[in-house]
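Q: I have a chain open on my screen and would like to talk through its side-chain packing. Could you take a look with me?

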Amino acid sequence: MRPRHRRTTGIRRARIATGLLTASALALALGACSSPATEEETDPNAISGDLTMLTPIFEGTAGQKLLEEELLPQFTEMYPDVTVSVDYTNYARLNEKLTTGVVSGLVPDVMMMGVGWIEAFADRGVLANLTDGGLTAESLEQTMTPQIVEAGLWNGDVYGVPIMLDARFGVARMDLLREAGYDHTPRTWDELVEMANALTERDAKGKLTRTGFDMLTIEPRQMFETALFSNGGDLFSADNDSPAFDSPAGVEALQRIVDLFHEDKVEDTGFSAPNATVNPLINGRAAMAIAHNNVWTQAEAADPEVLDDLEPFLIPGDSPSMFVGGTMAAVSATSAHERAAQKLVEFLASPGPALAANQQRGNVPALTELLESEYVQDDRLVQFAMENLSVAKREGGPPKWLGLRGDVAPAIENAILRKKTAKAALTDLAATFQKKLDR
């Protein structure tokens, strides 16, 4: 059995994280150390300005305290002629706030946004080209995997820098699997189906009491994409000008999901729901699931006894993979203090601050060197995500992605509810996508 994991919570965790790798953080390894020293590196007073920052992370009392009392003071100590004003929001309102800022001409100097969003705002001329300021894909790939760096690129240049990631992959309750006679997580799709059937429980009236494989606690779009990616499929063509999810690999992935509901009956619609208060893996209502890496931090708070039984795995298929999203930091193209804003982005993405931010939310650091940090080593799901970033796939691609993604969940639900066949649901969705892409 894996040793019991230590628990370090709240602001104390953030302070520990902030203290780690401080020397690396202050070196601003994401660019400054790889290029010749300029006046602003040798004289911090050459960097100045009153910056505004919009962020959907660092939320709540603990997050704001971490940012305003610990991280930003480090930055302003380095650059004493820079001030930072923070506007807090959440992801539900982020796109609205960014769009409103663009329309009004009041775009924050530094913006946090999701993976898949960079293309849309870079294409509209909202974001500054950070490669012009010295950040290149090649320099970022010295500290991050190419798959993650790609999320911040537009036409080969850097427009966004990853701060934190979040992943979706399989998670199993090994105590429940062992009770059913299994000593490992599924290694093939057929084995996953077999195990899901064996682990599903219903009462005498046929009411589901435990799903063998939970697919409903995660958002339908991300659930499908996780299965799609692991089956060797892609969202878009290589040039991002047409959808590719309606390929045979995509149809097969969705049909497999539909069959788990209707042929194998391992889950019922309504049994669980996205963002459930308690994840079914934690309270034993699910034996396996497609899950978010934050199940670990939820279990720490709700029932630490289950931590040793949570075992991650890649969803089996032709190309076992995992879905990855995350938060990128970008600079406004209209910022009056672009160099100061880029320095703030580099600081927030450097090891110490990035580790602190990820600990505060229970997320996955983008920097590969942080795999060895105590935080990552003590969180098995975050550790697994970092170990598998080389096979991670992300959302997005075309600039119009933000206007497309809302159509995915209804199409997947139509297939699950058997309002349409899996093939028809994806064919119709692809046609909708293509019309919007062609406008």
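**Rings, helices and two single residues**

Q: Before the details, what kind of model is this?
A: This is a predicted model, and what follows should be read with that in mind.

Q: OK, how many aromatic pairs does a search of the whole structure find?
A: The search turns up eight aromatic pairs. One of them joins F75 and F347, whose ring centres are 5.6 Å apart with 45 degrees between the planes, a tilted arrangement.

Q: And where in the chain do F75 and F347 come from?
A: They come from distant parts of the chain, since F75 belongs to helix α4 (residues 60-78) and F347 to helix α15 (residues 338-349), with the two positions 272 residues apart.

Q: Is F75 buried or exposed? And what about F347?
A: F75 is buried, because its relative accessible area is 0%, under the 20% cut-off. F347 likewise counts as buried, at 0% relative accessibility.

Q: Which residues make up an aromatic cluster?
A: F236, F245, W401 and F433 together form one aromatic cluster.

Q: W401 caught my eye; which residues does E225 touch?
A: Apart from neighbours within four places in sequence, E225 is in contact with L235, F323, E395 and W401, so W401 is both a member of the aromatic cluster and a contact of E225. E225 itself lies in helix α11 and counts as buried because its relative accessibility is 0%.

Q: Sticking with α11, how does it cross α12?
A: The axes of α11 (residues 220-230) and α12 (residues 248-262) come within 9 Å of each other and cross at roughly 125 degrees. That angle makes α11 oblique to α12, and the crossing is right-handed.

Q: Which residues meet there?
A: From α11, M223, F224, A227 and L228 meet G250, A253, L254 and I257 of α12.

Q: Switching topic, where is K265 found, and is it buried or partly exposed?
A: K265 is in the loop between α12 and α13 (280-283), and it counts as partly exposed because its relative accessibility is 46%.

Q: What does K265 touch?
A: Not counting residues up to four places away in sequence, K265 touches T200, R202, D259 and L260. With T200 the C-alpha to C-alpha distance is 8.4 Å, although K265 and T200 are 65 residues apart in sequence.

Q: Last one: what sits over the ring of F271?
A: The charged end of R285 does, at 4.0 Å from the centre of the F271 ring.

Methods:
Residues numbered from 1 in each chain as written. Predicted model: local features only at pLDDT ≥ 70, side-chain atom pairs only at ≥ 80, totals over all residues. Heavy atoms only, no water. Phe/Tyr/Trp six-rings, centres within 6.5 Å; stacked < 30°, edge-to-face > 60°. Helix = DSSP H or I, 4+ residues; strand = E, 2+ residues; numbered from the N terminus. Buried < 20%, exposed > 50% of the residue type's maximum accessible area, 1.4 Å probe, protein only. Lys NZ or Arg CZ within 6 Å of the ring centre and 35° of its normal. Axes fitted to C-alpha atoms, helices over the stretch in contact; angles between N-to-C directions. Parallel < 35°, antiparallel > 145°, perpendicular 65-115°, else oblique. Left-handed = near helix turned anticlockwise from the far one by under 90°. Contact = heavy atoms within 4.5 Å.
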